[in-house]
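Please look over the sequence and the structure shown here, and then follow the paragraphs below, which lead through the open and closed spaces of the model and end with a few details of its backbone.

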Amino acid sequence: MGDAEMVTQDGMDGRFGAFGGRYVPETLVPALDELERALEAALADPAFDAELSSMLTHYVGRPSALCDAPRFSAHVGAPVWLKREDLNHTGAHKINNALAQALLALRMGKRRIIAETGAGQHGVATATVCARLGLECVVYMGEEDMRRQRLNVYRMRLMGATVVPVTAGTRTLKDATTEAIRDWVTTCPTSHYIIGSVVGPAPYPRMVREFQAIIGREARTQMLERAGRLPRAVVACVGGGSNAMGIFHAFRNDAQVELVGVEAAGHGLDSGAHSASLLRGTPGVLHGSLSYLLQDASGQVHPAHSISAGLDYPGVGPEHAYLKDAGRATYVAVTDAEALEGFALLGRLEGIIPALETAHAVAWIAAQRGRWAADEPVLLCVSGRGDKDVAQVSEPGAGSA
Amino acid sequence: MLTDRFSALRAGGRRALVCYATAGHPDPVRSIALWQGLEEAGADVLEVGVPFSDPMADGPVIQASSQAALAHGVTLDGALALVARARLGIPVVLFSYLNPLLAAGPDVLRRAADAGVHGVLVTDLPVGSDPEREAWLGDGPLAFVRLVAPTTPQERMAEIARHGRGFVYLISRLGVTGVSAQLPSDLPDTIARLRAVCALPICVGFGVSRPEQARAIGAHADGVVVGSAIVRAADASVDEAVSLARALRAGLDGADA
Ligand SMILES: Cc1ncc(COP(=O)(O)O)c(C=O)c1O
């Protein structure tokens, strides 16, 4: 795929091919226009870059390590390299975006922050940066996810955030996002909504990708230094798709690099209980953008399922929909049971317990023995650490969750 | 038919009472009785809400009505069937999120018109957001009613007014649908700003629940839209919702006195 072609699909007009857009109540249109202007100004301002870079270095702990994985590599039959977003402050990639958006909110003079969260990682990251910057923070979280991720609820409250339980619908990420949008429609002149993934109305998908693209920029340089070549494949889990877009973006024009996104197959792709929007969804509009969506014939959104709260979402970022249709990225899926094996496998072989979200990508790679030659490196985005999931996984019957 | 209705009201110096009800709420049979009762009580336009699983612009009352309707199996097709069966004498405007309309396919506008629908209003398709789909809605057999928010700058109000048909729906306040104790104090200013750039009738909705609020709005706007208050009353009984519409009608007509 040529450079020029990718650039025209870069989301500058709010669209990625046929996907994306801004399907929101009229009330939010001026707020999104304001955000877009503030984003352009910030991206062009060296002072913004300097402040963000400094905080990423000293507060978040970037650059994150690129780590070899000898025993896991032997298991796979190809050298696997781990991009360690789990080592960031708060334990996931989410803080890259939360920090940048919070700094942007300050530039806009908005001191009240709204966020939605599924696994709680984005909520924790947002609560963290709000504490650091002295901003008010309100996090919407589905009741079901509050149960699955009790520790993260405690962490958010400890840092002064208000966590609002959402009891509508499936009580998971989808409903938390809907509720966060309702708050923003009511408070947009004074509040900024920090969306946690590459979803939502324009300019969010492009903005969140920009703020997560540091993952791939660092990893590409680190691969050239450490492995002496580009990876054969880059693999990441896909919920909304922010860690995947973040690591994919720097490799988009490296035609020889395969980009693989791993969705959650839940109880199985044909079970009706999964979160594989790209593999099993159809184009539709949810939360402000057009993308692949799990829905029924009448356009009602179909509840997603995944053992992992961070992947349990019926939509997906519009840029992934575009990359899928353009054939630039490949999407696959891994079941709950396989993800639990991946969770244990990386701990046993490398001493790294990944987040259940990441465990999907681990499990897919683990099952690919023979796919890559012994000298073809594979780059895995370890989007987060698994501490938050240990309690859930250790519960009796976790395998059938 | 929408235009005729508003011309007649204007000629008579009266304000429009626009009543919202979710199709299939409280259940399909009572839904029809409710609409017919609202017409009898003096509603000028009926807005029929299309049930949707994820109504991000709606507050708790309309969300719950949407869930109840879905539990009765009423989706867009069901809503159209109910409209056809109700045989109303007042214009009907579909109030929908975009996704159910997209899922229903390109011929849905024709099917809606055949069922007796006159207009369509889409909560999450603001002016300029998707020219292709806006043209589909605007060039079809239904009047494509557009929304203005309190946050909309006046230049954009003018653009929205140019694209609108039937009437312009002015959202009275920031936020989702639901009843409010008080109307925003700057509402008359907002109406005046819109009026200066808009030739279409202006109907104000969101938060209106009481006759005196309808009367206050009627002093500035061409009509009021009442949604959550009617849905909430219909949760109790159809009669209660119809009595509320009657009281609102009286309040609104008092605006001219
Ligand atoms: C560790 C981790 N990885 C991945 C995800 C999924 O989000 P995304 O697809 O946006 O990276 C989450 C979401 O909560 C997460 O916490």
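What volume does the largest pocket have? In this predicted model, the volume of the largest pocket is about 340 Å³. Its lining is made up of 17 residues, and those nearest the centre are A:Asp49, A:Leu52, A:Leu56, A:Ile214 and A:Arg217. Several helices of chain A, namely α2 (29-43), α3 (46-60), α5 (94-107), α10 (204-212) and α11 (214-226), each contribute at least two residues to this lining, and the largest share, six residues, is that of α3(A). Sorted by class, the lining of the largest pocket holds nine nonpolar, three polar and five charged residues.

The second largest pocket encloses about 220 Å³ of space, and residues of both chain A and chain B are found close to its centre: of the 18 that line it, A:Gly169, A:Lys174, A:Asp175, B:Ser53 and B:Gln67 lie nearest to that point. At least two lining residues come from each of α9 (173-187) of chain A and α3 (60-71) of chain B, with α9(A) giving the most, five residues. Here the classes are five nonpolar, eight polar and five charged.

From the pockets we turn to the cavities, of which a search of the whole structure finds ten with a volume of 30 Å³ or more. The largest cavity holds about 340 Å³ of space, and among its 31 lining residues A:His93, A:Lys94, A:Leu173, A:Gly196 and A:Gly310 lie nearest the centre. In chain A, the strand β5 (112-117) and the helices α6 (121-133), α9 and α12 (242-248) each supply at least two residues of this lining, which by class consists of eight nonpolar, 18 polar and five charged residues.

Where does the ligand sit? The ligand sits in the largest cavity, with 18 residues around it, and those that come nearest are A:Ser197, A:Gly239, A:Gly241, A:Ser242 and A:Ser383. This shell divides into five nonpolar, eleven polar and two charged residues. Oxygen atoms of the ligand take part in several polar contacts: one lies 2.7 Å from a polar backbone atom of A:Gly239, a backbone N or O atom of A:Gly241 is also 2.7 Å from a ligand oxygen, and a polar side-chain atom of A:Asn243 is 2.8 Å from a ligand oxygen. Of the 390 Å² that the ligand exposes when taken alone, the protein buries 98%.

The second largest cavity, with about 110 Å³ of space, has 17 lining residues, of which B:Ile62, B:Tyr169, B:Thr177, B:Gly227 and B:Ser228 lie nearest its centre. The strand β8 (223-226) and the helix α11 (228-236) of chain B each give at least two residues to this lining, whose classes are ten nonpolar, five polar and two charged.

Finally, the backbone deserves a look. Most residues other than glycine have a negative phi, and most peptide bonds are trans. In chain A, however, a cis peptide bond with omega of about -5° joins A:Arg62 and A:Pro63, and A:Pro63 belongs to the loop between α3 and β3 (66-68) of that chain. Another cis bond leads from B:His25 to B:Pro26, with omega near -5°; B:Pro26 is placed in the loop between β1 (16-22) and α2 (28-41) of chain B. A:His287, although not a glycine, has a positive phi of about 50°, and it is found in the loop between β11 (282-286) and β12 (289-293) of chain A.

Definitions and conventions. Residues are numbered from 1 along each chain as its sequence is written. Chains are lettered from A and ligands numbered from 1 in the order in which they are written. This is a predicted model: local features need pLDDT of at least 70, side-chain atom pairs count only at pLDDT 80 or more; totals for chains, interfaces and linings use all residues. Side-chain values use heavy atoms; hydrogens and water are left out. A residue is near a molecule or strand if one of its heavy atoms lies within 4 Å of it. A polar contact is a pair of N or O atoms within 3.5 Å; within protein, one must be able to donate a hydrogen and the other to accept it, and residues adjacent in sequence count only if both atoms are side-chain atoms. Accessible areas come from the Shrake-Rupley method with a 1.4 Å probe; for residues, only the protein chains shown count as cover. On a 1 Å grid over the protein atoms alone, a cavity is a set of points where a 1.4 Å probe fits but cannot get out, and a pocket is an open set with protein on both sides within 12 Å along at least five of seven lines; lining residues have an atom within 4 Å of a point. A molecule sits in a cavity or pocket if more than half of its atoms lie within 2 Å of its grid points. Ala, Val, Leu, Ile, Met, Phe, Trp, Tyr, Cys and Pro count as nonpolar, Asp, Glu, Lys and Arg as charged, and the others, Gly among them, as polar. Grid points are joined across faces, edges and corners, and a volume is the space filled by probe spheres set on the points. Helices (H or I, at least four residues) and strands (E, at least two) are DSSP runs, numbered from the N terminus.
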